[in-house]
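Student: I'm new to this one and would love a close look at a single part. Could you walk me through it slowly, starting from one residue?

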Amino acid sequence: MNTPIDTGDTAWVLISAALVLLMTTPALALFYGGMSRTKNTLNMMMMSFSALAGVGVLWVLFGYSASFGNSLGAWGSSAIPSKPPGCTA
């Protein structure tokens, strides 16, 4: 069945993901900052936020095509076939 994508459901998933991201990132920064010495707390927090920024850039560059590309067996490129040659299934 080819059902259309509901915009309300999509918006809810995006808002939920954004709220989890806003909740998790500062919590991890405070957690790791609390485990380090007082003079290194700001450094640990900045490393947490920079790791989040790095993951965001990698998602934009590679993750989106891997998740929503045409191929299931390769990194989203349709140049590499996802099925072995001769397979009709």
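Student: Is Tyr64 buried or exposed?

Tutor: Tyr64 is exposed, because its relative accessible area is 51% (over 50% counts as exposed, under 20% as buried and anything in between as partly exposed, using a 1.4 Å probe and protein chains only). Before we go on, keep in mind that this is a predicted model, where local features need pLDDT of at least 70, side-chain atom pairs count only at pLDDT 80 or more, and totals for chains, interfaces and linings use all residues. Residues are numbered from 1 along each chain as its sequence is written, and side-chain values use heavy atoms, leaving out hydrogens and water.

So where does Tyr64 sit? You'll find Tyr64 in helix 2, which runs over residues 41-68 (helices are DSSP runs of H or I, at least four residues, and strands are E runs of at least two, numbered from the N terminus). Tyr64 also has company on the surface: Val57, Leu58, Trp59, Val60, Leu61, Phe62 and Phe68 join Tyr64 in a nonpolar patch. Together these residues offer about 900 Å² of accessible area (Shrake-Rupley, 1.4 Å probe, only the protein chains shown as cover). Patch members have over 30% relative accessible area and no salt bridge, with nonpolar side chains joined within 5 Å and like charges within 9 Å; a salt bridge puts a Lys or Arg side-chain nitrogen within 4 Å of an Asp or Glu carboxyl oxygen.

Now slide along helix 2 to Ser48. Ser48 is buried, since its relative accessible area is just 16%. What does Ser48 touch, once residues up to four places away in sequence are set aside? Its partners are Leu28, Ala29 and Tyr32 (contact means heavy atoms within 4.5 Å). Of these partners, Ala29 is itself one of the buried residues of helix 1, whereas Tyr32 is partly exposed, because its relative accessible area is 35%.

That brings us over to helix 1, which covers residues 7-35. Its buried residues are Thr25, Ala29 and Gly33, and they pack against helix 2. Take Thr25: at a relative accessible area of 10%, this residue counts as buried. Leave aside the neighbours within four places in sequence, and Thr25 is in contact with Phe49 and Leu52.

Finally, let's step back and look at the whole protein. There are two helices and zero strands. Of the 89 residues, 9% count as buried, and Ser48 belongs to that group because its relative accessible area is 16%. If you take contacts between residues at least 6 apart in sequence, 10% of them join residues at least 24 apart. The accessible surface comes to about 7,600 Å², and carbon and sulfur atoms account for 72% of that. So, back where we began, Tyr64 is exposed, at 51% relative accessible area, and part of that nonpolar patch.
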